[in-house]
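Here's a quick tour of the model on your screen. Pull it up in your viewer and follow along.

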Amino acid sequence: MKSLTLLFTTFLLFLAPISSFGSAVQDQVHLHSIRADFVQEKHLRILAKPIVSTGIFAFQAPRSLRWEYLVPIPSILLMHDGKLSKFVKTDGRFIEDQGIGLDAMQFMLGEISNWLDGRFTDNEMFVASFPDKQTILLEPREQSLAGLISRIELRLADQKGVLNSITIYEGSDSYTRMTFNNAVINKIIPSALFIQK
Amino acid sequence: MKLHNFYLVIILSLLVACAAEKQIDLPGLNPGQQIQGRPNCAAVFPQGKWQFVHSINFTVKNGTSTTVLGVTSLTEKIINCALITVEGLTLFEAAYSKENGLEIRRAIPPFDNPRFADGLMSDIQTIFLSPTAGDVQEGQITGALAVCRHTDDSGRIIDVLPEVDDCWQIKSYSSDMTLDRSVVGQSCRKKSSTLIPEYLELNSYGQTGYTLKMTLIRADNF
């Protein structure tokens, strides 16, 4: 369970305001909302070609989230007013999925609040380091988690307050990279986006 | 339902072979001389080196379900497989070969139960590998469907039906001649002499039966 939580934690790291990253960036941006498109590539030793997924990510303070995959498996994770649900398109319609994610996302609500307060380095699960101005490395504090996710590399975008990519390494030959583009920050997002499938 | 409990249900469903709730018996076989030509059962199973990526929806009897990405790589000697969440987390990765048996490379709890791996490999073998052991008869069953019937030493029977609607089906019967597993392919496309279904549905029957709905994302022949 903890490992699943870790994954969701890492995927949401780009919500963190740049001020959270300490010395990596000088300018501070207070983040109220963010919306971005993403491309996710899954690399695995046995995969001849990576699995490419695309989708949309939107977050609005304090606790509204839409994490939507368009292809190859249409799915939507919604969070609004304390209600959390996940839907996967099955047989042509969105069906509620009782699997991975929901317990983890409840935990994430607290984490996101911390980040919005600029307390990224307070994270209990990672040690952060800053090899250069554009890169943040996160390594699990506990050995048990390191066996599942060896490290996370965050690349900052030119646009203040936004990450360009997150790469999660499970091992030397297995990793997931999410690259964000078309990011819009601090514009009010209609609440319907966090409710409608 | 908590996540952990949900996956325990799935794992149990994949593992436990119980008496069939809705019993379907083995149909009679008309011998091969009554059909025109031999059924092309070889076309059901990929030959050579392949890689498949599917969207896999697990549904257990109480209706709860979850969806993951499934990767299956086949060569003459080894099967590699992986289950990945939509969000990219590798839940399970394993390899199987006759020489070395099952090697689990990564398994996040509760997928670290060895019997889960056995059940998963059994499903993969049913779908992708031609039955090898025992006697093979060719003929027709009810509905004039061509069939290759494989019977192993323990009395288990696997019927391979290479031409049903626009695709194929596989039905597995326990030694008491009741259906315990079926695979129904739909919307087959011929690729390198193999009939590749765009959609597969595997049903395991019994008290803790389950359904895998597999939608093809990618099929690569190397």
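Let's start with a hairpin: strand E11 (residues 179-191) of chain B runs antiparallel to strand E12 (residues 194-204) of chain B, and 10 bridges join the two. Keep in mind that this is a predicted model. From that hairpin we'll go on to the next strand, then to a helix, the cores and chain A.

**Strands E11, E12 and E13 of chain B**

- Across the E11(B)/E12(B) pairing, Arg181(B) sits opposite Ser204(B), which belongs to E12(B).
- The turn of this hairpin leaves 2 residues between the strands, and Ser192(B) has a positive phi there, near 50°.
- E12(B) also pairs with strand E13 (residues 210-221) of chain B, again in the antiparallel sense, this time over 6 bridges.
- If you want a residue pair to look at here, take Glu201(B), whose bridge partner in E13(B) is Lys213(B).
- The hairpin of E12(B) and E13(B) has 5 residues between the strands, and Gly206(B) is the one to check for a positive phi, near 125°.

**Helix H2 of chain B**

- Helix H2 (residues 114-128) of chain B has 15 residues, so at 1.5 Å a residue it should span 21 Å; the C-alpha atoms at its ends are 21 Å apart, which agrees.
- Which residues of H2(B) are buried? They are Phe116(B), Ala117(B), Gly119(B), Leu120(B), Asp123(B) and Ile127(B).
- These buried residues cover an arc of only 165° around the axis, so they lie on the same side of H2(B).
- The general background is simple: an α-helix has 3.6 residues a turn, so residues three or four places apart point the same way.
- On the face turned away from the buried side, H2(B) carries the exposed residues Pro114(B) and Arg115(B).

**Nonpolar cores**

- The largest nonpolar core has 54 residues, and the ones with the most contacts inside it are Leu69(B), Val71(B), Ala82(B), Ile84(B), Leu91(B) and Val160(B).
- Strand E2 (residues 50-60) of chain B gives the most to this core, contributing 5 residues.
- What does Leu91(B) touch, leaving out residues up to four places away in sequence? Its contacts are Val68(B), Leu83(B), Ile84(B), Thr85(B), Ile108(B) and Phe111(B).
- There's also a second, separate core of 26 residues, and Leu31(A), Ala36(A), Ile149(A) and Leu156(A) are among its members.
- As a general rule, nonpolar side chains in soluble globular proteins tend to be buried together.

**Chain B overall**

- Chain B contains 2 helices and 13 strands.
- It has 222 residues, of which 40% count as buried.
- Take the contacts in chain B with a separation of 6 or more: residues 24 or more positions apart account for 48% of them.

**Chain A overall**

- Chain A has 3 helices and 11 strands, and along the sequence they follow the pattern α-β-β-β-β-β-β-α-β-β-α-β-β-β.
- Of the 197 residues in chain A, 40% are buried.
- For contacts in chain A between residues at least 6 apart in sequence, 47% join residues at least 24 apart.

**A closer look at Leu77(A)**

- Leu77(A) is part of strand E4 (residues 75-80) of chain A.
- Is Leu77(A) buried or exposed? Leu77(A) counts as buried because it has 22 C-beta neighbours inside 10 Å, where the cut-off for buried is 20 or more.
- The C-alpha atoms of Leu77(A) and Phe87(A) are separated by 6.5 Å, with the two residues 10 residues apart along the chain.

Notes. Residues are numbered from 1 along each chain as its sequence is written. Chains are lettered from A and ligands numbered from 1 in the order in which they are written. This is a predicted model: local features need pLDDT of at least 70, side-chain atom pairs count only at pLDDT 80 or more; totals for chains, interfaces and linings use all residues. Helices (H or I, at least four residues) and strands (E, at least two) are DSSP runs, numbered from the N terminus. The expected span of a helix is 1.5 Å times one less than its number of residues. A residue is buried if 20 or more other C-beta atoms lie within 10 Å of its own, exposed if 12 or fewer, and partly exposed in between; C-beta atoms are placed from the backbone. The arc is that of the directions from the helix axis to the C-beta atoms. A nonpolar core is a set of buried Ala, Val, Leu, Ile, Met, Phe, Trp, Tyr and Cys residues joined through C-beta atoms within 7 Å. Two residues are in contact if their C-beta atoms, placed from the backbone, lie within 7 Å. Two strands pair if DSSP finds at least two bridges between them.
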